Amino acid sequence: MKLILLGAPGAGKGTVAKLLAEMDGSVQISTGDILRGAVTAGTELGKQIESLMKSGDLVPDELIMDIMEQRLQEPDCEKGFLLDGFPRTIPQAEALKGLLAKLGIELDMAVNLEVAREVILDRLTTRRTCSNSDCQAIYNVKSNPSRQAGICDKCGSPVIQRDDETAEAISHRLQTYVEKTAPLIGFYEKEGLLLTVDAAGPSETVLAAIGAKLAAA
Ligand code: AMP
């Protein structure tokens, strides 16, 4: 499947993408994971974007498009891809449309994961992430803790609270979402690609809604 996952930070895009990837071998592409990997590795790109990411600001569109143009042409994308955290602005969505047309790739849909702000705030402040940039497994101290506190079940690395998950950075990220990313809902509605799903409940409900829509297409 070839999907875009839309939704505020904490809506569950990463969790849903991982579950969908297990279903048919499509690859999860999280721009946030790629960028955090660059920061941890201390690459030129990483140094350039570190402070933007820490404060919850978006990385410039041109940098993201350079990354995605290459990433979408890697062989593992042939089976399908789940775009998690990209596109994030209207210019990115327009550039993606042009890129996909150039590559001859057709999207199945853009899934908008809808969750109330209070739920998002609770999820983000209790979320923990594996510090290993090749793993980045997601936990939640309330609903999905790691078996051993502070240690990743999958790779044994420390599980941490992300730098951009302080109360201040979270509030900034949510504001950025409303201003820059929420307009993508209207963009994909006009494209006839939008599926909005209530994502406040368990991930299975979201997967079922996506499966039904894909089956009906
Ligand atoms: P995420 O893991 O998706 O919440 O992304 C974490 C941070 O990475 C964001 O707050 C931005 O600073 C940056 N980022 C991730 N994806 C994008 C994107 N598509 N465009 C711009 N910045 C991004």
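Colleague: How do the residues of the shell around the ligand divide into nonpolar, polar and charged?
Modeller: Six are nonpolar, four polar and six charged. Ala, Val, Leu, Ile, Met, Phe, Trp, Tyr, Cys and Pro count as nonpolar, Asp, Glu, Lys and Arg as charged, and the others, Gly among them, as polar. Mind you, this is a predicted model: local features need pLDDT of at least 70, side-chain atom pairs count only at pLDDT 80 or more, and totals for chains, interfaces and linings use all residues. Numbering runs from 1 along each chain as its sequence is written, and side-chain values use heavy atoms, leaving out hydrogens and water.

Colleague: Which residues come nearest to the ligand?
Modeller: T31, R36, D57, R88 and Q92, out of 16 around the ligand; a residue is near if one of its heavy atoms lies within 4 Å. Helix α2 (residues 31-41) gives the largest share of the shell, four residues. A helix is a DSSP run of H or I, at least four residues, and a strand a run of E, at least two, numbered from the N terminus.

Colleague: What makes the T31 pair a polar contact?
Modeller: The cut-off is a pair of N or O atoms within 3.5 Å. A polar side-chain atom of T31 sits 2.8 Å from a ligand nitrogen, so the pair qualifies. An N or O atom in the side chain of R88 is 2.9 Å from a ligand oxygen, and for R162 the value is 3.3 Å, so both pass too.

Colleague: How much of the ligand does the protein bury?
Modeller: 96% of the 480 Å² that the ligand exposes taken alone, by the Shrake-Rupley method with a 1.4 Å probe.

Colleague: Why do β6 and β7 stand at the edges?
Modeller: The open sheet has the order β6-β5-β7, with antiparallel pairing. β6 (138-140) and β7 (159-160) each have a single partner strand, so one side of each lacks a neighbour in the sheet.

Colleague: How do you know that β5 pairs with β6?
Modeller: Pairing needs at least two DSSP bridges. Three join β5 (residues 127-130) to β6, so the strands pair; R128 stands opposite Y139, and R127 opposite N140. β5 and β7 have two bridges, so they just qualify, with C130 opposite V159.

Notes: A polar contact is a pair of N or O atoms within 3.5 Å; within protein, one must be able to donate a hydrogen and the other to accept it, and residues adjacent in sequence count only if both atoms are side-chain atoms.
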